[in-house]
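Trainee: I would like a close look at one part of this model. Please take the annotated modification site and work outwards from there.

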Amino acid sequence: MSRQLRVLVAEDELIVGYDLCDTVAEAGYMVEGPYDDLSSAMLAYQKSKPDIAILDVQLGDGIVYPLAEQMMAENVPVIFHSGQLSPAEVALRFPQAQALAKPCPPAAVIDSIQRAAAHA
């Protein structure tokens, strides 16, 4: 890896969010977040575009789809992380994105980031 990739994490469950951030950082990536609501995640995205995003589908103030759509339109790989929707349900709406079901083992998170990094 020539430069450290930046991963934005949006997750409204505090413990899960910090756990995700720790996993990402321990794997050698730069972390932004966790952002617990859509408005703060959107603001962070507008200030500085990340290389990859891990997004919980349901954040504190709404569904993350508008942000995900904007990111994908700007070629930022998105990994959905949801306890409410199955990866198959997410894939129907966003076939180009990856999806992880909560709870997700750290190795699966890292694997998804590495696959996304290959396209970043």
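What follows starts at the annotated site and moves on to the helices and the pocket.

Mentor: The model is predicted, and the annotations come from an unreviewed UniProt entry. That entry lists Asp56 under "modified residue: 4-aspartylphosphate". The UniProt annotation "domain: Response regulatory", likewise from an unreviewed entry, covers residues 6–117. Within that span, helix makes up 46% and strand 26%, and the end C-alpha atoms are 10 Å apart.

Asp56 belongs to strand 3, which comprises residues 52–56. Its relative accessible area is 4%, and because buried means under 20%, Asp56 counts as buried. Setting aside neighbours within four places in sequence, the contacts of Asp56 are Ala10, Glu11, Asp12, Val64, His81, Ser82 and Lys102.

Strand 3 also appears in the packing of helix 3, being among the elements that cover the buried residues of that helix. Those buried residues are Tyr65, Leu67, Ala68, Met71 and Met72. They lie on the same side of helix 3, because the arc they cover around the axis is only 160°. Besides strand 3, the cover includes strand 1, helix 2, strand 5, strand 6 (78–82) and helix 4 (87–93).

Helix 2 (residues 38–47) can be read in the same way. Its buried residues are Leu38, Ala41, Ala44 and Tyr45. An arc of only 130° around the axis holds them, so they sit on the same side of helix 2. They pack against strand 1 (6–10), strand 2 (30–35), strand 4 (58–59), strand 5 (62–63) and helix 3 (65–73). On the face turned away from this buried side, Gln46 and Lys47 are exposed.

After helix 3 comes Asn75, with a positive phi near 60°. Asn75 also lines the largest pocket, as does Met72, one of the buried residues of helix 3. The other lining residues are Val76, Pro77, Val78, Gln96, Ala97, Gln98, Arg115, Ala116 and His119. The volume of this pocket is about 220 Å³. By class, its lining has 6 nonpolar, 4 polar and 1 charged residues.

To return to the starting point, Asp56 is a buried residue in strand 3, with Lys102 and Asp12 among its contacts.

Methods:
Residues numbered from 1 in each chain as written. Predicted model: local features only at pLDDT ≥ 70, side-chain atom pairs only at ≥ 80, totals over all residues. Heavy atoms only, no water. 1 Å grid on protein atoms, 1.4 Å probe; cavity = no way out; pocket = protein on both sides within 12 Å on 5 of 7 lines; lining within 4 Å. Points joined across faces, edges and corners; volume = space filled by probe spheres on them. Nonpolar A, V, L, I, M, F, W, Y, C, P; charged D, E, K, R; others polar. UniProt positions renumbered as here; feature names shortened; annotations may be inferred. Helix = DSSP H or I, 4+ residues; strand = E, 2+ residues; numbered from the N terminus. Buried < 20%, exposed > 50% of the residue type's maximum accessible area, 1.4 Å probe, protein only. Contact = heavy atoms within 4.5 Å. Arc of directions from axis to C-beta.
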